[in-house]
Amino acid sequence: MSQGSELRSDPSVIEDFALPCSLHINTPLSGPKFRATLRWRARAQGRPLPPGPRRLPIIGNIFDVPTWKPWIGFRDLSTRFGPITYLELLGERMVVLSSPATIHDLLVKRAANTADRVKTPLIALVGHDFNLAVMPYSLRWRRHRRMMWQHFHPGQLDKYQPVQRVVTNKFLAMLLARPTNLHSHLR
């Protein structure tokens, strides 16, 4: 048996080799944006982007985006490039959908693929990452939405009427006692 085959079959050699590889992979290049780009490329599987005007380096399509009457400019772009037009503005990607059928197909039928929000680090820093309005579409978002629906759908609103009446009566009593202090009563 040669020395190369002994090295391949010996598990301790593989374990000794795995640690330096894992340290090498955990570099600044493996940050969230890099991983997201790799996931997108894996999902895209080499598929091309939708058609759009030719992009310039760095600034992209900044001169192709209409600034005056944008509905007319985007309509003209859609007649040239079709119902889905891809633009890039200073590194930000933009997809323009111009037909009701395309909008319905992409935003309603394929909502699980297209429903997401821009991830802003400031939201987590200020402690609002629990907020349903800014939470990225995920299993956590679906759980939060289900919890909200259980308590705030139209069938549950009657349950809150007694509390609303008590608070409204207190407010009206304070307003009747001191009508000039409306601003302080509203706080």
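**Group meeting talk: a pocket, a patch and three salt bridges**

Let's start with one residue. Pro136 sits in the loop between helix 7 and helix 8, and helix 8 covers residues 139–152. One thing to keep in mind: this is a predicted model.

Is Pro136 buried, partly exposed or exposed? Pro136 is partly exposed, because its relative accessible area is 30%, and partly exposed covers the range between under 20% and over 50%. Keep that range in mind. We will use it again.

Now look from Pro136 to Thr120. Along the sequence, 16 residues separate them. In space, their C-alpha atoms are 10.0 Å apart. Both residues also line the second largest pocket.

So what is this pocket like? It holds about 160 Å³ of space. Its lining, read along the chain, starts with Val118, Lys119, Thr120 and Pro121. Ile123, Ala124 and Asp129 belong to the lining too. Val134, Met135, Pro136 and Arg140 complete the list.

Which element gives the largest share of that lining? Helix 7, residues 121–125, does, with 3 residues. And what kinds of residue are in the lining? There are 7 nonpolar, 1 polar and 3 charged.

One of the lining residues is Arg140. Find Arg140 in helix 8. Arg140 is partly exposed, because its relative accessible area is 39%. Now compare its position with Phe130. The two are 10 residues apart along the chain. Their C-alpha atoms are separated by 9.4 Å.

Let's step back to the whole protein. It has 10 helices and 2 strands. In sequence order, the pattern reads α-α-α-α-β-β-α-α-α-α-α-α. How much of the protein is buried? Of the 187 residues, 12% are buried.

Next stop, the surface. Four residues make a nonpolar patch there: Leu56, Ile62, Phe63 and Leu90. Together they have about 430 Å² of accessible area.

Take two members of that patch. Ile62 is in the loop between helix 3 (32–44) and helix 4 (70–81). Ile62 has 35% relative accessibility, so it counts as partly exposed. Leu90 is in another place: the loop between strand 1 (84–89) and strand 2 (92–97). Leu90 is exposed, because its relative accessible area is 56%, and exposed means over 50%.

Leu90 has one more feature for you. Its phi is positive, about 50 degrees, although Leu90 is not a glycine. Lys69 also has a positive phi, near 50 degrees, and it is a residue other than glycine. Where is Lys69? In the loop between helix 3 and helix 4. At 33% relative accessibility, Lys69 counts as partly exposed.

Last topic: salt bridges. Why can side chains pair up at all? Side chains of opposite charge can pair when their charged atoms come close. How many salt bridges does this structure hold? It holds 3.

Here is one of them. Glu88 and Arg55 meet through their side chains, with 3.8 Å from N to O. That is within the 4 Å cut-off, so the pair counts. This pair links distant parts of the chain. Glu88 is in strand 1, Arg55 is in the loop between helix 3 and helix 4, and their positions lie 33 residues apart in the numbering. Glu88 is partly exposed, at 23% relative accessibility. Arg55 is partly exposed as well, at 38%.

Another salt bridge joins the side chains of Arg75 and Asp76, at 3.4 Å from N to O. Arg75 has 48% relative accessibility, so it counts as partly exposed. Asp76, with 37%, is partly exposed too.

One more pair to go. Asp105 forms a salt bridge with Arg110, and their closest N and O atoms are 3.5 Å apart. Asp105 is partly exposed, with a relative accessible area of 25%. Arg110 is partly exposed at 42%.

A quick recap. We saw a pocket of about 160 Å³. We saw a nonpolar patch on the surface that includes Leu90. And we saw 3 salt bridges. Please find Pro136 again, in the loop between helix 7 and helix 8. Thank you.

Definitions and conventions:
Residues are numbered from 1 along each chain as its sequence is written. This is a predicted model: local features need pLDDT of at least 70, side-chain atom pairs count only at pLDDT 80 or more; totals for chains, interfaces and linings use all residues. Side-chain values use heavy atoms; hydrogens and water are left out. On a 1 Å grid over the protein atoms alone, a cavity is a set of points where a 1.4 Å probe fits but cannot get out, and a pocket is an open set with protein on both sides within 12 Å along at least five of seven lines; lining residues have an atom within 4 Å of a point. Grid points are joined across faces, edges and corners, and a volume is the space filled by probe spheres set on the points. Helices (H or I, at least four residues) and strands (E, at least two) are DSSP runs, numbered from the N terminus. Ala, Val, Leu, Ile, Met, Phe, Trp, Tyr, Cys and Pro count as nonpolar, Asp, Glu, Lys and Arg as charged, and the others, Gly among them, as polar. Patches are made of residues with over 30% relative accessible area and no salt bridge: like charges are joined within 9 Å, nonpolar side chains (Val, Leu, Ile, Met, Phe, Trp, Tyr) within 5 Å. Accessible areas come from the Shrake-Rupley method with a 1.4 Å probe; for residues, only the protein chains shown count as cover. Buried means under 20% relative accessible area, exposed over 50%, partly exposed in between (1.4 Å probe, protein chains only).
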